[in-house]
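Here is a walk through one protein chain, written for someone who would rather be at the bench. Have a look at the fold first, then read on.

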Amino acid sequence: MLLKKLFRTLWQYKAQFISMVIMVALGIGVFLGFNVEWYSLEVNTGEIYEATGFADYRIYSDKGFSPEDLEKVKAISGVEDATRFLSLNVSVKGSTDTLALTVSENINVSGMLVMKGEPYSAEDPDGFWLSDSYAAANGIALGDPLTLTYQTITVAGTVKGLIKSGEYLICLPDSTQMMPDYSTYGFVYISPVMLDNAVPAIYKAFAGSLYHQINVKSSLDKPSFVESADHALGTTRLILSRDETISWSEAQGEVNEGKTMASILPVLFLAIAILTMVTTMHRICASEKTQIGTLKALGFRDRQILIHYSAYAMIIGLLGTVLGIAVGYGLGWFIMNPDSAMATYIDVPSWTLHAPAFTWIVILGIIAFLTFIGYLSVRKMLQGTAADALRPYSPKRMKHLRFEETKRFKRLGFGTKWNLRDCIRHKARSFMTLFGIIGCMVLLVGGLGMKDTMDAFLDIFYEQSINYTTRINLDEDNTTPEEGKALAASLNGDWAASRAVQIGDKGYSLEIYSVTHDKVRFADTEMRIIPLTDDGVYICSRIARDFRLKAGDKLSFSPYDSSEHYTVPVAGVLDSMTEGIFMTDTFADKAGITYNISSVFTDAAEIPDNPHILNRQSKQSIMDSFDIFMDLMNKMIWLLVIAAVILGIVVLYNLGVMSYTERYREMATLKVIGFKDSRIGRLLISQNLWLTVLGVLIGIPAGAGVLQYLLTALASEYELKLVLGLSTWLVSIPLTFGVSLAVGLMVARKNRNIDMVAALKTAE
């Protein structure tokens with residue numbers, strides 16, 4: 001009997017059950033999806049790091065490392081393995097593409113994972129093991145010939161393997177580019193033998209000085225390793241931990257961003273789902289009060305009735321969970337599939353979805369908690385005798401409040417007084433309606449505000465700051481400052497030089513600029529374009545924050561591979577893509593800082609061949625790399641907008657129907673004394689609109705606050721500044737009001753079906 005009644009009641013309240021299942025599915029789906037995203041990324045990247053022997057430390061030297069230097073590093077206690085390593089950007093003959101030519105003497109450290117083709121051989125004289133992503137983007141197959149050039153040196157051979165590598169998990173030519181573009185840039189491994197054959201004179205003359213890097217696997221912490229390495233090598237070197245490399249830090253940054261997102265948005269959805277569940281179960285149990293009393297009068301025990309009505313909540317939880325798991329994995333796959341922007345950004349062998357163990361514990365806990373909500377709701381209706389339970393539900397008595405006796409209140413219209421009293425009488429329902437509207441606004445302001453913020457970021461750092469057409473990268477080791485300046489002058493361009501420096505125990509980039517043709521610009525912390533002056537250095541916001549520096553303070557730094565030490569005044573703070581120090585060439589010359597020119601920025605249509613030029617990079621190629629990134633961001637924004645609309649509709653409809661149920665007798669009274677359906681409908685809609693106005697006023701700063709927190713926690717390396725443009729206001733506010741009005745109209749139509757006689761028979 002109770003089983004048949006279970007299905008009949010489910011059908012009777014199908015709209016409410018469906019809406020609650022949707023809310024639970026959304027809550028669990030968003031919770032699971034965001035956790036699947038970061039955990040899958042952690043597992044998938046961890047697998048390639050392990051398979052390719054990703055190094056824990058990288059030691060750099062401009063002069064290169066000898067085999068004896070390598071043995072000294074290997075002899076350090078706590079070092080598991082090490083290799084001399086070469087990574088050098090070279091040109092692909094017959095195209096404008098660039099490849100990172102890579103050699104690892106010990107392939108167990110900073111090695112590769114062969115996806116297709118022959119196994120790697122350290123003795124192979126003419127084999128290339130090429131990035132499979134670059135090969136796919138450029139139509140290169142196994143067995144194809146490939147020729148690489150570096151100045152006057154040519155390396156030719158055939159493609160023998162297609163690979164992936166942890167060292168190039170995020171394959172970027174430099175810090176100006178946010179997304180990889182495998183159609184123009186990739187990486188390739190060759191054997192030490194092939195390197196020796198290609199550059200025999202240089203290799204023999206300098207005793208292996210081409211290896212400017214030693215990569216190390218070690219369990220030592222950085223301070224201990226740096227101290228041991230400096231002692232072993234007899235000088236201070238630039239040493240970067242895996243946390244300071246792009247392939248590790250950016251990937252782990254994505255993982256940490258996922259964890260942060262998983263701790264914010266899912267909480268909002270789950271909280272609203274649970275709060276709505278409380279109100280829905282209360283309303284259903286209130287509507288079923290007579291049925292509960294009848295069952296009790298027929299002899300059913302309280303325990304049986306409790307189990308019966310708790311089953312409704314459990315069914316909602318189970319169905320919502322099943323759908324939520326599908327939504328969660330679907331959301332994870334949307335972000336983490338092989339064709340996604342994430343797969344373009346992070347180049348791993350496979351994209352498999354994994355969920356952390358705690359998510360299943362939380363999901364089981366949610367089901368149990370939802371069932372407990374149903375239990376508490378029906379338990380309240382079972383209090384007293386069967387006769388008490390048989391009486392229909394009636395709202396609690398409303399006491400007159402002191403402000404109702406004021407003249408101002410008495411001047412208010414009937415509708416305003418009625419809605420104010422109702423909000424005060426039903427505080428929980430009013431609060432949850434307000435909470436739902438605030439949640440809707442937070443999602444809309446956060447999503448649309450992120451788009452405005454990114455648009456402003458791209459405008460400043462890529463449309464305005466990059467004022468050149470082509471960036472020319474020079475061989476700074478073999479180019480004198482005079483030769484670099486002469487090349488820049490012949491192309492009517494500006495130039496830059498860079499050195500690795502140390503502040504405290506951390507490495508940074510020192511960038512020296514000569515800007516005479518307005519090809520490179522800089523933005524301050526207010527996102528305004530400013531010129532560099534000759535009276536000090538400029539530091540990025542992260543250095544200013546980490547070392548608590550401001551304009552007028554003194555900054556001390558030391559270049560690596562040098563005994564030099566400089567203390568200079570800080571002229572200003574910049575927002576920058578590069579974490580470093582910036583100065584003019586005039587100030588560098590005055591301070592006695594030596595440098596070699598590394599880049600020239602020009603608008604020249606034709607760039608003549610020059611032995612000092614390594615490669616070229618166009619501004620358009622940098623901008624093109626953002627297309628996929630912006631496409632993913634736009635999809636995520638639309639997902640947030642859709643989620644906000646669904647959230648608003650479901651929450652407001654549920655609570656609107658609850659309001660209708662709780663005021664059923666009052667509306668019947670209004671109809672009896674002559675109120676028309678249209679006027680009663682306006683009373684219902686007006687209360688929704690009041691709460692919407694309040695929700696919007698609270699939701700705007702709340703959404704901006706959440707977005708600011710996310711920008712600080714998720715994108716601090718890009719130094720993004722919060723921007724809320726006109727489009728955010730024109731979409732978020734009208735859309736929220738539109739949802740509220742639409743739901744209000746749906747609920748208001750119900751008053752046409754009020755049974756005045758039945759309603760007014762209810763005992764108070």
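What follows goes from the whole chain to two helices, one strand and a few single residues.

**Ground rules**

This is a predicted model, so local features need pLDDT of at least 70 and side-chain atom pairs count only at pLDDT 80 or more, while totals for chains, interfaces and linings use all residues. Residues are numbered from 1 along each chain as its sequence is written, and side-chain values use heavy atoms, with hydrogens and water left out.

**The whole chain**

The protein chain has 26 helices and 21 strands; these are DSSP runs (H or I, at least four residues, for helices; E, at least two, for strands), numbered from the N terminus. Of its 764 residues, 55% are buried. Here buried means under 20% relative accessible area and exposed means over 50%, with partly exposed in between (1.4 Å probe, protein chains only). Among the contacts in the chain with a separation of 6 or more, 82% are between residues 24 or more positions apart; a contact is heavy atoms within 4.5 Å.

**The nonpolar cores**

A nonpolar core is a set of buried Ala, Val, Leu, Ile, Met, Phe, Trp, Tyr and Cys residues joined through side-chain atoms within 4.5 Å. The largest one has 135 residues, and Ile346, Tyr462, Leu555, Phe557 and Ile581 touch the most other members. Helix 2 gives the largest share of this core, 16 residues. There is also a second, separate core of 37 residues, and Val90, Val103, Ile190 and Leu614 are among its members. Back to Phe557: leaving aside its neighbours within four places in sequence, its contacts include Val501, Ile503, Tyr566, Ile581 and Met583.

**Two helices, each with a buried face**

Start with helix 7, residues 222–233. At 1.5 Å a residue, its twelve residues should span 16 Å, and the end C-alpha atoms are indeed 16 Å apart; the expected span is 1.5 Å times one less than the number of residues. Lys222, Phe225, Val226, Ala229, Asp230 and Leu233 are buried in helix 7. Seen down the helix axis, these buried residues fall within an arc of 125°, so they line one face; the arc is that of the directions from the axis to the C-beta atoms. Pro223, Glu227 and His231 are exposed on the other side of helix 7. The cover over its buried residues includes strand 1 (57–60), helix 3 (67–74) and strand 10 (238–241). Right after helix 7 comes glycine 234, with a positive phi near 80°.

Helix 18 (residues 481–490) has Gly484, Leu487 and Ala488 as its buried residues. Down the axis of helix 18 they fall within an arc of 100°, so they line one face of the helix. Glu482, Ala489 and Ser490 are exposed on the face turned away from that buried side. Strand 11, strand 12, strand 20 and strand 21 are among the elements that cover the buried residues of helix 18. Asparagine 492 follows this helix, and its phi is positive, near 50°.

**Strand 11, boxed in**

Why is strand 11 (residues 470–474) described as largely enclosed by the rest of the structure? Because five of its five residues are buried. Thr470, Ile472 and Leu474 sit on one side and Arg471 and Asn473 on the other. In a regular strand the side chains alternate between the two faces of the sheet. Strand 11 pairs antiparallel with strand 20 (residues 597–602) over four bridges, and with strand 21 (residues 613–618) over five; pairing takes at least two DSSP bridges. Threonine 470 stands opposite threonine 602 in strand 20, and arginine 471 has glutamine 617 in strand 21 as its bridge partner.

**Two buried polar residues**

Asparagine 35 lies in helix 2 (residues 14–52) and is buried, at 3% relative accessibility. Its C-alpha atom is 6.5 Å from that of alanine 355, 320 residues apart along the chain. Beyond its neighbours within four places in sequence, asparagine 35 is in contact with Ala262, His354, Pro356, Phe358 and Thr359.

Arginine 499, in strand 12 (residues 494–503), is buried too, with a relative accessible area of 18%.

The table gives polar distances for both residues. A polar contact is a pair of N or O atoms within 3.5 Å; within protein, one must be able to donate a hydrogen and the other to accept it, and residues adjacent in sequence count only if both atoms are side-chain atoms.

| Side chain of | Partner | Distance |
|---|---|---|
| Asparagine 35 | Phenylalanine 31, backbone oxygen | 2.7 Å |
| Asparagine 35 | Tryptophan 38, side chain | 2.8 Å |
| Arginine 499 | Glutamate 564, side chain | 3.5 Å |
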